[in-house]
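Colleague: I have the chain open on my screen and would like to walk through it with you. Can we start with how you sort the residues around a pocket?

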Amino acid sequence: MTSEPTTSGALVLAATPMGRYDDASPRLREALTTADIVAAEDTRRARALAAGLDVTITGELISYYDQVEAARTPRLVEAIAGGATVLLITDAGMPSVSDPGYRVVVACAEAGLKVTALPGPSAVTTALAVSAMPSERFCFEGFAPRKPGARKEWLGQLRDERRTAVFFESPHRLADCLGDAVTVLGGDRRAAVCRELTKTYEEIRRGDLAELAEWAAGGVKGEITVVFAGAVATEPDLDELVVRAEGLVEGGMRLKAACEEVTRGTSVSRRDVYEAVLAARSAE
């Protein structure tokens, strides 16, 4: 448990527009003009944002991107401890969500300093909302792995994921990613590719993975957010449950407990699995 902050300083994480300056909140406009330090993923984009909003950054503007996070975090924490307000912004969306920010949030939390946020645009929730996929439960997977082997392994982890999955992908790797998804998840899994969200050339493609992979093979440009539908629950057959139960037994679990474990959440009875295991053993 952390105590209440003992300084007036604060770290303010501010969501920035994904494409349209008029999506900026009034609170963001005010924060840009009043913060003692504005830490930006790209200072050029920060200046362009301020100009687009017709405001002036009066505090110190410093860069805060992946390669300098570790080196510059202590200075920001020290400034906040001394009473400064540090506004953290990234190129688009909410800081620390697959963007710089996590490291300084952790450091401030550990130091008992105030951390707050100015909510606003988010590619994750925007894509989820327009995808036409179930949104009651979802998981965010960050950026898809770059290398084919790692990507297929990651997709394998999503094979049985029941929640809707949202992730970012480079336009240059989208076709390969969707092609691998067809192989690992099956071509009939529903998905959506959201391109240039909120921008002039926004495009939302919905369909099954096979259709989307074919479309992406022609080349895609822009910022990409992908949404995969969750896996549909299937009832395991008796032979599969027997194999699972035997695996648990090999790990040290008693047979009856193993049968109860593998049938949890299914309509198959524990007794049926138990008898099937015994029958399989006697047939060996």
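Modeller: For sorting residues by class, Ala, Val, Leu, Ile, Met, Phe, Trp, Tyr, Cys and Pro count as nonpolar, Asp, Glu, Lys and Arg count as charged, and the others, Gly among them, count as polar. Please keep in mind that this is a predicted model.

Colleague: OK, so how does the lining of the second largest pocket divide by class?

Modeller: Its lining residues divide into 7 nonpolar, 4 polar and 10 charged.

Colleague: And how much space lies in that second largest pocket, and which residues are closest to its centre?

Modeller: The second largest pocket holds about 490 Å³ of space. It is lined by 21 residues, and those closest to its centre are Asp160, Arg162, Val232, Ala233 and Thr234.

Colleague: What about the largest pocket, what volume does that have?

Modeller: The volume of the largest pocket is about 1,000 Å³. There are 40 residues in its lining, of which Arg45, Asp91, Ala92, Asp99 and Glu223 are the closest to the centre. Sorted by class, the lining of the largest pocket has 18 nonpolar, 9 polar and 13 charged residues.

Colleague: Which elements give two or more residues to that lining, and which gives the most?

Modeller: Helix H2 (43-53), H5, S7 and S10 each give two or more residues to the lining of the largest pocket, and H2 gives the most, with 4 residues.

Colleague: Let's stay with H5 then. Which of its residues are buried?

Modeller: In helix H5, which spans residues 123-130, the buried residues are Ala123, Val124, Ala127 and Leu128. They lie on the same side of H5, because they cover an arc of only 130 degrees around the axis.

Colleague: Why would residues a few places apart point the same way?

Modeller: An α-helix has 3.6 residues a turn, so residues three or four places apart point the same way.

Colleague: What do the buried residues of H5 pack against, and what follows the helix?

Modeller: The buried residues of H5 pack against four strands, namely S6 (138-143), S7 (164-169), S8 (190-195) and S10 (224-228). After H5 comes alanine 132, whose phi is positive, near 70 degrees.

Colleague: New topic: how many aromatic pairs does a search of the whole structure find?

Modeller: The search finds 4 aromatic pairs. In one of them, tryptophan 154 and phenylalanine 167 sit edge-to-face, 4.9 Å centre to centre and with 85 degrees between the planes. This pair links distant parts of the chain, since tryptophan 154 is in helix H6 (residues 148-158) and phenylalanine 167 is in strand S7, 13 residues apart.

Colleague: Are those two rings buried or exposed?

Modeller: Tryptophan 154 is buried, with a relative accessible area of 7%, and phenylalanine 167 is buried as well, with a relative accessible area of 0%. Phenylalanine 167 also pairs with phenylalanine 228: the ring centres are 5.0 Å apart and the planes are at 70 degrees, so this pair is edge-to-face. Because phenylalanine 167 lies in strand S7 and phenylalanine 228 in strand S10, the pair ties together parts that are 61 residues apart in sequence.

Colleague: Last one, where is alanine 15, and what does it touch?

Modeller: Alanine 15 is in the loop between strand S1 (10-14) and helix H1 (26-34). Leaving aside residues up to four places away in sequence, alanine 15 touches Leu28, Gly93, Met94, Pro95, Leu118, Pro119, Gly120 and Pro121. With a relative accessible area of 5%, alanine 15 is buried.

How values were computed. Residues are numbered from 1 along each chain as its sequence is written. This is a predicted model: local features need pLDDT of at least 70, side-chain atom pairs count only at pLDDT 80 or more; totals for chains, interfaces and linings use all residues. Side-chain values use heavy atoms; hydrogens and water are left out. Buried means under 20% relative accessible area, exposed over 50%, partly exposed in between (1.4 Å probe, protein chains only). The arc is that of the directions from the helix axis to the C-beta atoms. Contact means heavy atoms within 4.5 Å. On a 1 Å grid over the protein atoms alone, a cavity is a set of points where a 1.4 Å probe fits but cannot get out, and a pocket is an open set with protein on both sides within 12 Å along at least five of seven lines; lining residues have an atom within 4 Å of a point. Grid points are joined across faces, edges and corners, and a volume is the space filled by probe spheres set on the points. Rings of Phe, Tyr and Trp (its six-membered ring) pair if their centres lie within 6.5 Å; planes under 30 degrees apart count as stacked, over 60 as edge-to-face and the rest as tilted.
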